[in-house]
Amino acid sequence: MRYTQYLLPTSKETPADAEITSHKLMMRTGMIRKVAAGIYSYMPFGLKAIRKVEQIVREEMNRAGAIELHMPMVTPAELWNESGRWAQYGKELLRLRDRKENEFCLGPTHEEVVTDIVRREIKSYRQLPINLYQIQTKFRDEIRPRFGLMRGREFIMKDAYSFDVDDAGADAAYEKMYQAYRRIFSRCGLKFRAVEADTGNIGGSSSHEFMVLAESGEDAIVSCGSCEYAANVEKAELKLSVGKAPAPVAATQEVATPGQKSIDEVAAFLQIEPSQLVKTLIVTTDTDEQVAVLLRGDHELNEIKLCRYLGCNHLELSSDEAVEKVTGAPSGYAGPVGLKLRLLADQAVQEMADFVVGANKAGTHLTGVNIERDFKVEAFADLRQAENGDPCPRCSGKLESWRGIEVGHVFKLGTKYSEALGATVQDEAEQERALVMGCYGIGIGRTVAASIEQNNDENGIIWPMPIAPFQLLITMLNPKDEAVRDASEKLYSELMDAGIDVLLDDRDERPGSKFKDADLIGIPIRVTVGARGLQEDAFEVQERAVGEREMIPVAQAVQTLTERVASALEAGDLS
Ligand code: ATP
Ligand code: MG
């Protein structure tokens, strides 16, 4: 490709709405252009990176035995009614009507559509296992689209669905996808971890998210410094504490804490540590039950753990009015003593004595409070968020916390959809069985964005070779110099003949501005053709990631460069 004939609108300006590095760089290199909130055009340079990721995904899915098909983006309400998700899905599901008033939605995921295909086409266990995948545009009317392709409303996803006759088969299918994902993200040049994830209200036994390590990531993760354990904090278990509370020493006392509501305010006011306080949170479940939960002052509630304990799908902190109604005090002063509500406590509270709580009375707290003596709890459970430095639930190591971007998700679905839609086969004993499913997603655009997030410097993108839009850039220093032009053209056509994806910067611009653009667009190998080098019969070569310059003889250029591209392509390959 010749730069002068290409559309690569680079810019020094960063758009105001681009908050994170990858979004800024994708805008500045003209990879994407916003059409509406969370909806983008993939410009030529961006599309090339997207296609490269798609190709890696396709190769690895095929290698793992999955079969590609393509399902529609517009899907009929009937299918979603069969699974019950037409009613369950919230506003993320974009619903529409056709001219005959039939209801449809834009597919945010395709369990229903693929299960419909399988129930029609697969009748016997002999046709199994099967894993069907597509690389296709999804739509989710995200409440807060942001960060460019990272969280769009319209985005490209690879989604795969496995069908097996029994759990053992489904486990094997899951393992295959898990390994394929490791290969995919390694080949994309990403530093990632597979972490245990919450299975949400879809249920199911097992789920891993593939997380790319990045400061800007939306997910909080903990992993053990000593063993392989890694989990989303939503899910991370904590070791059940074995410690018992010391015997109470203090008597309960009311203290005035006027205007002091938050844990930090009360702790500072009473000159104690937040960990000597117990906070009382009052939550309302989706069945309108109110429950009080006790946590050590410096700990955070994990709503997902609490939901799972209570067996509800959703809960939220009760409103100020609701809190006032049950405690008789404005929020900020709730406490367990005398509270007439179901009362649970995080296990860490079990080890505490002579602590401080709200007094259920405006501007007042109680000090010297103790469980059993002053109030009783229904149960102690693991209800808090894991934090940096917590003990590992698997070994004697400590947990470290970091942030990550979820680029992929593998999920054991069980028989939820096959039972709802009647996708069954006859097994060996001629028994009718609901198929055991798995689903496996990869965000293609998000993977490109995540790769940029990890591979950049202050001057621009540093593409890993396997997903670089172009593998090699030839910078023709002075296109008016005939020797320079001829040598560049010859190298360009010979490299293309050798199968290299080359961009030839044939623009008549100052070298300084060409080098700036070269840094910005980040093509891994750069060859500069200039009059001075040619006098020595050499080209200057520089790798974007390394930065050092070297001269290579013109006669060996094609072979040397071809070899370098090939070895950089293999770098992330696990095979
Ligand atoms: P998230 O928690 O980030 O909203 P999710 O768990 O809802 O994602 P899945 O249903 O597991 O997403 O979808 C599979 C993959 O699709 C995700 O791992 C992610 O890479 C990608 N993806 C999901 N939502 C978006 C989005 N709004 N924009 C871009 N990619 C997305
Ligand atoms: Mg997910």
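**Close-up 1. The largest nonpolar core of this predicted model.** This core holds 62 residues, and the ones touching the most other members are Met-31, Phe-185, Phe-210, Val-448, Trp-463 and Leu-503. Helix α6, residues 167-187, puts in the largest share, with 8 residues. There is also a second, separate core, made of 26 residues, with Leu-93, Leu-413, Leu-421 and Ala-423 among them. As a bit of background, nonpolar side chains tend to be buried together in soluble globular proteins.

**Close-up 2. Phe-210 and what it touches.** Which residues is Phe-210 in contact with, once its neighbours within four places in sequence are left aside? One set of partners is Tyr-178, Tyr-181, Arg-182 and Phe-185. Another runs through Phe-192, Arg-193 and Ala-194. The rest of the list is Ile-405, Glu-406, Val-407, Gly-408 and Val-410. Keep in mind that Phe-210 and Phe-185 both belong to the core residues that touch the most other members.

**Close-up 3. The cysteines around Cys-224.** How many disulfides does the model have? The count comes to 0. Take Cys-392: the closest cysteine sulfur is the one in Cys-224, at 3.7 Å, and a disulfide needs the two sulfurs within 2.5 Å, so this pair is too far apart for a bond. Cys-395 tells a similar story, because its closest cysteine sulfur, again in Cys-224, sits 3.6 Å away, which is too far as well. Are these residues buried or exposed? Cys-392 counts as buried, with 0% relative accessibility, while Cys-395 is partly exposed at a relative accessible area of 22%. For reference, a disulfide is a covalent bond between the sulfur atoms of two cysteines.

**Close-up 4. A three-stranded open sheet with β19 in the middle.** The strand order here is β13-β19-β18, and the pairing is antiparallel. Why do β13 and β18 each have a side without a neighbour in the sheet? β13 (253-256) and β18 (355-358) are the edge strands and each has a single partner strand, so one side of each is left open in the sheet. From one strand to the next, the twist averages 30 degrees. On one side, β13 is joined to β19 by 4 bridges, and Ala-256 has Thr-364 as its bridge partner in β19. On the other side, 3 bridges join β18 to β19, residues 364-369, with Gly-358 standing opposite His-365. β19 is mostly covered, with 6 of its 6 residues buried.

**Close-up 5. The hairpin of β18 and β19.** This hairpin has 5 residues between its strands. Look for Asn-360, which takes a positive phi near 55 degrees. The two strands run antiparallel.

**Close-up 6. A five-stranded open sheet with mixed pairing.** Reading across, the order is β28-β27-β29-β30-β31. β28 (502-505) and β31 (549-553) are the edge strands, and each pairs on one side only. Neighbouring strands are turned by 25 degrees against each other on average, direction ignored. Now pick out β27 (residues 472-476) and β29 (residues 525-529): 5 bridges join them, and they run parallel. Leu-473 stands opposite Arg-526 in β29. In general, strands of a sheet pair through backbone hydrogen bonds, either parallel or antiparallel.

**Close-up 7. Helices α12 and α15 against the five-stranded sheet.** Helix α12, residues 482-497, lies across β27, β28, β29 and β30 (538-543). Its direction is about 165 degrees from that of β27. Helix α15, residues 557-570, also packs on this sheet, where it touches β27, β29, β30 and β31. Relative to β31, α15 runs at about 130 degrees.

**Zooming out. The whole protein, to put the close-ups in context.** Altogether, the protein has 15 helices and 31 strands. Its C-alpha atoms fill a box of roughly 95 × 70 × 50 Å along the principal axes. Of the 575 residues, 53% are buried. Among contacts with a separation of 6 or more, 69% come from residues 24 or more positions apart. The protein exposes about 26,200 Å², and carbon and sulfur atoms supply 47% of that area.

Notes:
Residues are numbered from 1 along each chain as its sequence is written. Chains are lettered from A and ligands numbered from 1 in the order in which they are written. This is a predicted model: local features need pLDDT of at least 70, side-chain atom pairs count only at pLDDT 80 or more; totals for chains, interfaces and linings use all residues. Side-chain values use heavy atoms; hydrogens and water are left out. Buried means under 20% relative accessible area, exposed over 50%, partly exposed in between (1.4 Å probe, protein chains only). Two strands pair if DSSP finds at least two bridges between them. Axes are lines fitted to C-alpha atoms, for helices over the stretch in contact, and angles run from 0 to 180 degrees between N-to-C directions. A nonpolar core is a set of buried Ala, Val, Leu, Ile, Met, Phe, Trp, Tyr and Cys residues joined through side-chain atoms within 4.5 Å. Contact means heavy atoms within 4.5 Å. Accessible areas come from the Shrake-Rupley method with a 1.4 Å probe; for residues, only the protein chains shown count as cover.
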